[in-house]
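Colleague: I have a model open on my screen and would like to learn how to read its contacts. Could you take me through them, one feature at a time?

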Protein chains: 2
Amino acid sequence: MITASKTYLDLVNDCDQFPYDDPLAGVAEHWSSIYCFFLPYDSRHHGLMLSSIVQKMPWTEEFQINHDARTVHLVPKDKSDLAESCTDALSKQVQACIDSEDCFHVIDRRHSEPYPIIGANFPVHLERYASTLFGIISRGAHLTAYTKTSEGMKIWVPRRSPKCFTYPNCLDTTVAGGISLEDPFECIVRESDEEASLSEDLVRKNAIACGCISYVGLNDARGGGEMGLISPDIMYIYDLELPIEVICHQNDDEVKDFTLMTIEEVKKGLAEGEFKKNSAIVMIDFFIRHGIITVENEPNYAEIVARIHRRLPLPTTASHYGVIDTV
Amino acid sequence: MITASKTYLDLVNDCDQFPYDDPLAGVAEHWSSIYCFFLPYDSRHHGLMLSSIVQKMPWTEEFQINHDARTVHLVPKDKSDLAESCTDALSKQVQACIDSEDCFHVIDRRHSEPYPIIGANFPVHLERYASTLFGIISRGAHLTAYTKTSEGMKIWVPRRSPKCFTYPNCLDTTVAGGISLEDPFECIVRESDEEASLSEDLVRKNAIACGCISYVGLNDARGGGEMGLISPDIMYIYDLELPIEVICHQNDDEVKDFTLMTIEEVKKGLAEGEFKKNSAIVMIDFFIRHGIITVENEPNYAEIVARIHRRLPLPTTASHYGVIDTV
């Protein structure tokens, strides 16, 4: 059997899938099928919705759809507390989806944990499963635990359980989790215990924040749910150097087992497409930051670095922080 | 005297100055004053030239200008060896600039070292001073030397000589240099000796490649030369942890002196705008990779990370490496 070997750029392309625009060619075709989602009193859009989703959505009364302008506006009846009334309106909208006969696959007739709309000017959240329907930025935290041995650096790599809903049996980063209303670092501390049996004390003292990765994915079969949903994502990245005697082992049913892999074994897993697709780019980023992938050994070095730090087509901070309003 | 304190985002804005496009608003005004520069047999443009430069340039016969399409095409007479004939044609063009009565300020009637056009499909180069006129990607290498002391991490920071043509008296990264035809790592090895008296052996063994920074600047007064030239730049980044007994000291006349600064002192230098502007974002990148700037203490975290890893509006690799052709 011949397995086509994936390059690092192939792995980036698998993840960062939403097309880039050519500013000299005018508005690209793909934008014409997208509706922008707006919060009240804010000229910046906070979500990118597919036309097919806007058509099918059982809209409730606090949402105004304009098919000519291709916009969806949340217009809450109660304007005294926007944080509360907008979160409420979004929650009712999810309930309407759950109650609908033809429910979206990503919602799966279930409620899920709240995800903040991170660029909003007031605290507002939407349920995790619904956030992809609205094309809102979702966030995760990823930790790579490694150890320096006499044979060189090794990385703790888990294999996902065959029972996982998404990416069963795939290789993954040491610890990873979606971020609900907590701080990214708190998420990593909690998940490190839950997924890899790493103590809170050890992680608080030794895990180092190393940046974030951003990309715009499009939902596919392995991710479950409707195809082609626009999925802007930010992953906050942590490194944790472990003493040789500390062992990662499974602590919940999401992980099958852990292996302390050599760099060559991780490279092989990447080339063979064994990693969960966003975890693959966390590994690539780790390799870039630790001098394993360099400009001298990777022809697409600058392209890869830029692509995994994509400026998202949505705001990531409240407008009063002085970010230039280009989207 | 009150000095306005610069935020990290202000420092990024000082460096990454070329506007971002809003794909929903059509072609932005600024593109209509730009000419694209093309190499033969390649549909991707490799430079972004200001209209005023195209008008003033004393064009030689191997360049074809189309004012309707706003394009400049290099069409070499000899098509048997494109690398040689294109490099030759660019060299003659620089000579024509030097010979012209009204010579460009950036060229300053002098030849300079060759800079490769990095995204080209064959090896071709243009002189450093002229590359900004053509709006071609230029490249540098930056090394941050640091040491772990009982008072925490400290960074070796040089002050530029008052005699420097650009950014006199400013603070800088430990070692930095423009990359001519050599590999980025070789550039850093050479410059580490020349600028900071760090031995080749020490740098080869201990310097670690940590990624690259990319942004699109616009030439201003402190950079010398014509204003508003489009300056896409890639900086390859290296970290070097030094034993406490190794001292950086000046070895050429570009550096006035070195100080081993605390993190707080570097932060103060950044806030007061004391750093050379692209060296400021090298420091910001270092702070992000070492857990000093985090998402919990910096509201513009994701925006800053994306902005200092901008996908340049020009190709960075030859087209046969499979990069999606969006520009």
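Modeller: Gladly, and let us begin where the chains meet: the count between chain B and chain A is two salt bridges, a salt bridge being a side-chain nitrogen of Lys or Arg within 4 Å of a carboxyl oxygen of Asp or Glu. This is a predicted model, in which local features need pLDDT of at least 70 and side-chain atom pairs count only at pLDDT 80 or more, while totals for chains, interfaces and linings use all residues. Residues are numbered from 1 along each chain as its sequence is written, chains are lettered from A and ligands numbered from 1 in the order in which they are written, and side-chain values use heavy atoms, with hydrogens and water left out.

Colleague: Which residue forms a salt bridge with A:Glu303?

Modeller: In general, side chains of opposite charge can pair when their charged atoms come close. Here the partner of A:Glu303 is B:Arg311, with 3.0 Å between the closest N and O atoms. Across the interface of chain B and chain A there are also 10 residue pairs in polar contact, both residues at pLDDT 80 or more. A polar contact is a pair of N or O atoms within 3.5 Å; within protein, one must be able to donate a hydrogen and the other to accept it, and residues adjacent in sequence count only if both atoms are side-chain atoms.

Colleague: Which helix of chain B gives the most to the side that touches chain A?

Modeller: That is α9(B), with six residues (helices are DSSP runs of H or I, at least four residues; strands are runs of E, at least two; both are numbered from the N terminus). In total, 48 residues of chain B are in contact with 48 residues of chain A, contact meaning heavy atoms within 4.5 Å.

Colleague: How is the buried area between chain B and chain A read?

Modeller: Buried area is the accessible area (1.4 Å probe) that two parts lose on being put together, summed over both. For chain B and chain A this is about 4,100 Å², of which carbon and sulfur atoms give 67%. B:Pro23, B:Leu24 and B:Arg311 supply 14% of the area that chain B buries against chain A, more than any other three residues.

Colleague: And what about the domains within chain A?

Modeller: An automatic or database domain assignment sets the bounds: domain 1 of chain A covers 8–15 + 138–307, and domain 2 covers 23–137. Their C-alpha centres lie 29 Å apart. The two domains bury about 1,500 Å² between them, 71% of it on carbon and sulfur atoms. A:Glu226, A:Leu229 and A:Ile230 supply 37% of what domain 1 buries against domain 2, more than any other three residues. Between these domains the count is zero salt bridges, with four residue pairs in polar contact.

Colleague: Are B:Asp172 and B:Arg160, which meet in a salt bridge, buried or exposed?

Modeller: Buried means under 20% relative accessible area, exposed over 50%, and partly exposed in between (1.4 Å probe, protein chains only). B:Asp172 is buried at 9%, and B:Arg160 is buried at 11%. Their N to O distance is 2.9 Å. B:Asp172 lies in the loop between β8 and β9 of chain B and B:Arg160 in strand β8, so the pair ties together parts 12 residues apart in sequence.
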